[in-house]
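Biologist: Got the structure open? I'd like to go through some helix packing, then a pocket.

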Amino acid sequence: MNGSGAGRAAASTSGPPAGGPDGGPDAGAADGRPPRDAVRARLAVCLVFTIMGSVVGGWSSRIPEVRRAVGLGDASWGAAGTASTAGDVVALALITLLIGRVSVRWLSLASAGLILCAAPLLASAGTLTALLLGLVFFGFSAGLLSTPMNAQAAEVERRYGRPVMSGFHACFSFGVLGGGALGTLAAAGGVTPGVQMAGNSVVLAALLLAAGRWLPDEVTRAPAGGGVLRRVRRRFTPQLLLLAAIAFVAAFVEGAAWQWSAIYAADSLGASAALAAATYTALTATAALARLGGDRLLGRLGHRRFLRLSGLVSAAGVALAVAWPHPAPALAGFAVLGLGIACMSPAVFGLAGRQPGLTAGEGVSVLVLGQWPGFLLAPPLIGALAGLTELRLALLALVAASLAAALLAARVRP
């Protein structure tokens, strides 16, 4: 979930950005408070993260109704769901080329507008063709928005001079919860998925238009020069590749936990449907809460120790969930996992946005490329391992992945 200005001199129209000559964090105002333009930028970027989360949560809550309307079974629905991957791939390729050439503010506004249009169209699908086209459009929009919004979050963090990235990801998490709650209420009231998502999009679009002028652009950190491919290649520094590896591991653990936590509780441990759902809810709720306080802890520990701690807590959570085959420790274990894994991606995104010689968008784009395969590969890989052994043993891969992230963190340069 990033961008850059083509002229290498992009700056926020709401005022000159704060920061030292190296483009790193700055103390902000003399009295310790951030400047007003930084506060406005933070609110605007929070809105963009909330838009993404609300759309994802709203769509997820209405999937059963859309699936019944299209008339697909479990296997067919699973196959159709891969259509969004095609949109993701195109978006990642496009944003990688655009990120150093187009204003990050305009990329963010355009991408947010696209996803607000895609959501009601997808939710209104009544045929297989409409569903597939909607999924491709939805995946493309979400993939296009991920990079500029994280780049803007990194730019706001630079202006604040202290960690604030986890707070933006908390907005996404609470947006998912809010969108899901709205979908539940709409379904209970007989409102169709298309109408619900359209109403949601209209409200959020109005807020985006009002706050769009506060969205930040980026600070120039490197002189222009060379062709497009050369500028893309120079982003892949050893430090960014390391951060991308950590982002991949974090995405792998998150994606697998989201997909398999409730299934593990229900099918492997015999939990009731309510308790299985509570296992997933515990994971998402603790992750959202951890992101509220993650920035403060990161500021105290520093990136290296914070990432180590995150990996160790994540590993401990999964170990607890699988060590004792009973629903209660599984629920507690996934709750601990949520606490550990929630802020790992925000922490590395914040670092990627402050790499020497690169704009925030250029640095973040490398992490998005590394992160995306983790979400894509985790569910099927855990499923394949479970088929060879059992799901309980397959989840041990998440322990290994979390420990690998803790080891990689030792090489991170603040």
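Biologist: How do H10 and H12 run, roughly parallel or roughly antiparallel?
Modeller: Roughly parallel. Keep in mind that this is a predicted model. Helix H10 covers residues 273-301 and helix H12 covers residues 327-341. They pack at an angle of about 25°. Angles under 35 degrees count as roughly parallel, so the pair falls in that class.

Biologist: How far apart are the axes of helix H10 and helix H12?
Modeller: The axes are 7 Å apart. The crossing of H10 and H12 is right-handed.

Biologist: Which residues make the contact?
Modeller: From H10, the contact includes Leu275, Ala278, Thr279, Ala282 and Leu283, along with Thr286, Ala287 and Ala290. H12 brings Pro327, Ala330, Leu331, Phe334 and Ala335, plus Leu337, Gly338 and Leu339.

Biologist: And by class, how many are nonpolar, polar or charged in the contact of H10 with H12?
Modeller: The split is 13 nonpolar and three polar, with no charged residues.

Biologist: Switching pairs. What angle do H5 and H14 cross at?
Modeller: Roughly 130°. Helix H5 is residues 128-160 and helix H14 is residues 360-388. Their axes come within 8 Å. That angle makes H5 oblique to H14. The crossing of H5 and H14 is right-handed.

Biologist: Which residues of H5 and H14 make that contact?
Modeller: On H5, they are Ser146, Thr147, Asn150, Ala151 and Ala154. On H14, they are Ala360, Gly361, Val364, Ser365 and Val368. The contact of H5 with H14 has five nonpolar, five polar and no charged residues.

Biologist: What about H6 and H13, how do their axes cross?
Modeller: Helix H6 (residues 165-188) and helix H13 (residues 344-352) cross at roughly 130°. Their axes come within 8 Å. H6 and H13 are therefore oblique to each other. H6 passes H13 in a right-handed crossing.

Biologist: Which residues meet there, in H6 and in H13?
Modeller: Met165, Ser166 and His169 of H6 meet Pro346, Phe349 and Gly350 of H13. By class, the contact of H6 with H13 has three nonpolar and three polar residues, and no charged ones.

Biologist: On to pockets. What volume does the second largest pocket have?
Modeller: About 350 Å³. The second largest pocket is lined by 17 residues.

Biologist: Which residues are the closest to its centre?
Modeller: Leu351, Arg354, Gln355, Arg413 and Pro414 are the closest to the centre of that pocket.

Biologist: How many in the lining are charged?
Modeller: Four are charged. The lining also has seven nonpolar and six polar residues.

Technical notes
Residues numbered from 1 in each chain as written. Predicted model: local features only at pLDDT ≥ 70, side-chain atom pairs only at ≥ 80, totals over all residues. Heavy atoms only, no water. Axes fitted to C-alpha atoms, helices over the stretch in contact; angles between N-to-C directions. Helix = DSSP H or I, 4+ residues; strand = E, 2+ residues; numbered from the N terminus. Parallel < 35°, antiparallel > 145°, perpendicular 65-115°, else oblique. Left-handed = near helix turned anticlockwise from the far one by under 90°. Contact = heavy atoms within 4.5 Å. Nonpolar A, V, L, I, M, F, W, Y, C, P; charged D, E, K, R; others polar. 1 Å grid on protein atoms, 1.4 Å probe; cavity = no way out; pocket = protein on both sides within 12 Å on 5 of 7 lines; lining within 4 Å. Points joined across faces, edges and corners; volume = space filled by probe spheres on them.
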